[in-house]
Amino acid sequence: MNRLSFIALGFCVITSSANSAEVDYIRDIKPLLAEKCISCHGPIKQEADLRLDAAKFFTGDENQENVAIKGHQENVAIKGHPEKSLIIQRISTKSADERMPPEGEGEPLTAAQVKLLSDWITQGMPAPADEEVLETPEDHWAYQKITRPDIPESSGSNSRNPIDLFLRHQQQQFGLEPLRRAPQGTLLRRVSLDVTGLPPTPEQLEQFQSDSSQAAYESIVDQLLASPRYGERWGRHWMDVWRYSDWSGYKNALRGSQRHIWHWRDWIIESLNDDKSYDQMVVEMLAGDEIAPLNQDVLRATGFLARNYHNSNRNIWLDATVEHTAKAFLGMTINCARCHDHKFDPIGQQEYYTFRAIFEPYNVRTDQLPGTTNIMEDGIARVFDKDLAAKTYLYRQGNEKLPDEENPLDPDVAEILGVPYEVQPVDLPIESYFPALGQRVRQESIERAEKAEAAARTALAKFQPDITLTSADSKVAPSTPPAPSLPQHLETSHQLAILKHASALASLNSLIARYTADSAKHQGEPKVSPKQVEQLSKLAANAERKAHSLNAALSVLQKWQAAQKARESQEKDAAKKKAAIAKADKALLDARVDAEKKRLELAKTDAKYTAVGPVYPKQSTGRRLALAQWIVHPENPLTARVAVNHIWLRHFGTPLVDNVFDFGMRSPKPTHAELLDWLASELVESGWSMKHIHRLILTSDTYQQASSDQSELLVKNQTIDKDNKYYWRANVKRLESEIVRDSVLSVADQLDLSMSGPDIDFAKGEDVPRRSLYFRHAYEKQMLMMTIFDAANPTDCYRRSPSIIPQQALALANSRLTFEASRKLAADLNQAGSSPSEFIRNSFLKILSREPTELEATTCEQFLTSQSTLLENKESLTTVSANTKAKLDAADSPALRARENLIHVLLNHNDFISVR
């Protein structure tokens with residue numbers, strides 16, 4: 001390799017570096033190397049035998065060969081001499097053939113980035129001596145099997161909660177001391193909002209204030225975890241992670257997600273309230289149709305996969321399935337290997353497609369629910385394996401137009417995790433692959449046919465109740481219509497058809513009886529032959545077809561009756577008699593011709609039948625069940641870690657592993673790695689009970705800490721750990737969008753706590769007082785207040801990013817929801833005839849779960865006085881509040897309206913939309 005001459009850009013950078021500020025390796029250099037270099041020169045791949053993923057690989061001087069170079073004599077970096085360092089030359093050159101990163105492998109470094117690296121070399125390449133260096137990808141912390149760490153001893157802590165002991169041990173090493181316990185009102189509001197998503201009532205607050213013991217607090221925690229509101233609150237959290245999205249189609253168009261996907265949302269809520277084990281939830285979401293093919297309660301769970309439906313491109317559908325299954329449960333970015341080998345993690349492109357092969361056969365269908373016949377109105381959106389022989393090909397460069405069809409791939413999983421993946425096909429019961437033969441579906445079909453038969457008999461009896469059938473009646477041929485009257489052969493043929501229909505029903509019922517008896521006799525799968533099943537299908541289809549035909553014939557006869565009555569009516573008018581008779585004759589003729597066509601259709605006796613319902617494959621591949629079992633295998637190092645990290649994030653505001661969906665090699669070992677592993681072990685050993693993990697967290701001293709303090713301790717801790725990395729205080733969190741809206745309704749006692757049911761039109765958010773998670777949540781179909789307060793993106797939202805923007809204040813200040821809540825709550829608190837000071841205190845307790853400070857109480861009393869005076873002026877009343885009064889029927893009393901205004905102010909208070 002020829003040494004390059006140093007170009008002007010590099011020279012300028014280097015000559016100016018002597019006067020540069022100190023460069024921090026961890027903050028400035030390591031992320032730059034990870035972004036630009038490590039994909040080709042890291043632990044997975046070392047182009048030119050060169051590694052650049054740690055500072056030790058740069059160590060070299062003017063007289064020493066760099067340890068990173070094995071194949072040639074050039075030095076990558078020379079301490080104090082960036083102008084002699086090969087890395088600076090290669091990243092600075094204008095030659096596309098020589099520049100690093102190579103063309104197509106990433107954007108060239110900017111001048112500022114080149115300068116940063118040059119300054120670091122000039123300053124002697126300082127770096128931590130204990131920087132962790134992986135010998136192989138298998139050494140990465142997240143790929144290590146989870147072992148339960150020993151709980152450290154911590155002096156000075158009275159808590160026996162392992163969470164406290166792990167954190168206190170680290171805090172002591174840095175001279176940190178935790179803040180005191182949060183005030184009772186603050187703590188109750190925090191835990192209530194965290195667990196149920198609703199603020200506490202003043203009555204709960206009063207009861208809690210009377211007993212500050214740990215036992216009383218733990219009792220509150222148990223009550224909250226047992227509340228059905230817990231499932232709704234944490235259901236919304238997991239709906240974020242699992243990408244819940246309602247159907248976003250237009251009219252009848254099926255675009256994203258599926259109709260009736262809300263059944264999956266209800267399954268999530270119910271499962272959490274029942275404390276269904278996390279591993280069981282994963283299995284049901286990925287393979288509910290393979291473990292419980294006849295249980296519609298379980299089949300709802302497969303909405304996790306049904307939600308990925310994409311109507312225009314199957315590849316988009318499967319790409320989303322691969323990507324988000326791996327991110328949600330494993331914290332792996334497998335999707336990065338779709339076009340080429342993963343640049344940072346040990347996942348080859350072929351592994352991406354073998355993982356895709358697991359899902360290749362699956363598709364989506366909607367199953368009928370008991371008592372419903374129209375799946376457009378309701379049904380269970382669930383998955384099934386449709387094409388068992390579907391092949392998976394690697395797409396060259398990720399291009400679906402370039403499949404490697406000569407080398408189809410078998411299903412498999414990421415080898416790096418070292419967990420076995422074994423597929424066993426699943427035989428399905430007949431009611432699963434042929435739903436129309438299910439006992440409930442058969443019975444409902446028979447009942448519908450019998451009702452149609454009875455209606456036809458009743459209608460025909462009105463025309464000629466005493467008719468007697470003969471064998472010759474069935475052979476009556478069509479003839480030229482005589483004068484208008486109902487021909488006897490027409491009545492006879494329809495009655496004959498009814499009898500044939502009854503005979504078919506009798507045969508059907510007979511075969512069903514045999515089928516049922518055979519089932520009971522063999523105590524399992526009935527031993528009927530395929531021919532008998534086919535016969536049952538044909539009879540059922542014929543009976544169903546005849547019922548529809550009879551209804552059509554009945555409709556024609558009713559048309560005839562109407563035409564006859566019209567003719568008789570017209571005959572009374574002599575002036576129009578001739579034209580009326582001709583018109584009526586034509587209508588009658590048309591009706592009789594239609595009726596004769598229906599009779600001929602019913603008289604056909606050919607052996608061709610329309611299937612009574614769809615028939616699906618008799619087997620499922622078992623690939624998804626094998627995947628689910630692989631994911632929740634006790635030896636899988638990722639699943640439990642990812643789950644407890646999501647739970648920790650939502651209780652504390654920051655996660656233990658910063659990138660919640662990527663535990664790969666770009667994710668450094670977490671500060672609290674032992675705590676993470678202990679919690680992951682505890683989750684598995686508790687039977688994957690999430691409520692158990694919640695209780696451990698919520699009853700820890702760490703969770704109960706104050707978020708602020710006036711003492712010197714606060715200043716001292718902030719100096720040592722300003723970002724609260726060691727959890728010496730509670731983090732202040734902004735409420736999620738759903739909880740902001742729900743809290744407004746809750747404090748005004750307007751919240752409808754009805755559970756479950758179809759998604760509600762997002763446009764009715766200010767009209768329907770249901771909890772926010774029941775409103776439609778789909779692409780471009782979300783409540784405006786939700787989006788303003790950073791609602792989850794239906795595409796993916798593994799972690800919400802709260803913002804502070806003016807529109808949020810405007811939404812709370814101008815929403816009809818807050819105006820109406822203010823009026824309702826002010827009226828409720830005013831009923832007792834309370835004094836201004838009592839009203840203010842009660843308002844603070846109701847809305848902010850605390851009493852006002854002395855300054856707040858004084859300011860609010862002054863506001864009530866001045867606002868009442870302002871509103872007493874009729875001109876001011878008109879200019880200031882007429883619009884509000886017209887819309888919301890505000891109080892006529894200036895004093896009460898002033899109280900409404902104060903409530904409105906408190907609903908816009910920062911403490912109302914925050915958890916402290």
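Histidine 260 is placed in the loop that runs between helix 9 (228-241) and helix 10 (262-273), and the model in which this loop appears is a predicted one. The backbone at histidine 260 has a phi near 65°, a positive value in a residue other than glycine. Most residues other than glycine have a negative phi. Histidine 260 is also buried: its relative accessible area is 11%, which falls under the 20% limit for that class.

A second residue with a positive phi is asparagine 724, for which the angle is about 55° although the residue is not a glycine. Asparagine 724 belongs to the loop between helix 25 (712-720) and strand 5 (733-734), and with a relative accessible area of 2% this residue is likewise counted as buried. A positive phi is also found at a glycine, since glycine 687, just after helix 23, takes a value of about 80°.

The chain that holds these loops has 916 residues, of which 53% count as buried, and its secondary structure comes to 33 helices and six strands. Among the contacts in the chain with a separation of 6 or more, 71% are accounted for by residues 24 or more positions apart.

Helix 23, the helix that precedes glycine 687, covers residues 673-685 and therefore has 13 residues, with an expected span of 18 Å at 1.5 Å a residue; the distance from its first C-alpha to its last is 18 Å, close to that expectation. The helix is mostly covered, with 10 of its 13 residues buried. The buried positions are Ala673, Leu675, Leu676, Asp677, Trp678, Leu679, Ala680, Ser681, Glu682 and Leu683, a list that includes the acidic residues Asp677 and Glu682, both of which count as charged. The partners against which the buried residues of helix 23 pack are helix 5 (162-173), helix 22 (639-652) and helix 24 (690-698).

Two helix pairs were examined for the geometry of their packing. Two packed helices are described by the angle between their axes and the distance between the axes. For helix 2 (residues 25-36) and helix 4 (residues 111-122), the axes come within 11 Å and cross at roughly 125°, which makes helix 2 oblique to helix 4. The crossing of this pair is left-handed. On the side of helix 2 the contact is made by Tyr25, Asp28, Ile29, Leu32, Glu35 and Lys36, which meet Gln113, Leu116, Leu117 and Trp120 in helix 4. By class, this contact has six nonpolar, one polar and three charged residues, the polar one being Gln113.

In the second pair, the axes of helix 31 (residues 854-872) and helix 33 (residues 894-907) come within 8 Å and cross at roughly 130°, and the two helices are therefore oblique to each other. The crossing of helix 31 and helix 33 is right-handed. Helix 31 contributes Cys860, Phe863, Leu864, Gln867, Ser868, Leu871 and Glu872, and these residues meet Pro894, Ala895, Arg897, Ala898, Arg899, Asn901 and Leu902 in helix 33. Sorted by class, the contact of helix 31 with helix 33 has eight nonpolar, three polar and three charged residues.

Terms used
Residues are numbered from 1 along each chain as its sequence is written. This is a predicted model: local features need pLDDT of at least 70, side-chain atom pairs count only at pLDDT 80 or more; totals for chains, interfaces and linings use all residues. Side-chain values use heavy atoms; hydrogens and water are left out. Helices (H or I, at least four residues) and strands (E, at least two) are DSSP runs, numbered from the N terminus. Buried means under 20% relative accessible area, exposed over 50%, partly exposed in between (1.4 Å probe, protein chains only). Contact means heavy atoms within 4.5 Å. Axes are lines fitted to C-alpha atoms, for helices over the stretch in contact, and angles run from 0 to 180 degrees between N-to-C directions. Angles under 35 degrees count as roughly parallel, over 145 as roughly antiparallel, 65 to 115 as roughly perpendicular and the rest as oblique. A crossing is left-handed if the near helix is turned anticlockwise from the far one by less than a right angle, and right-handed if clockwise.
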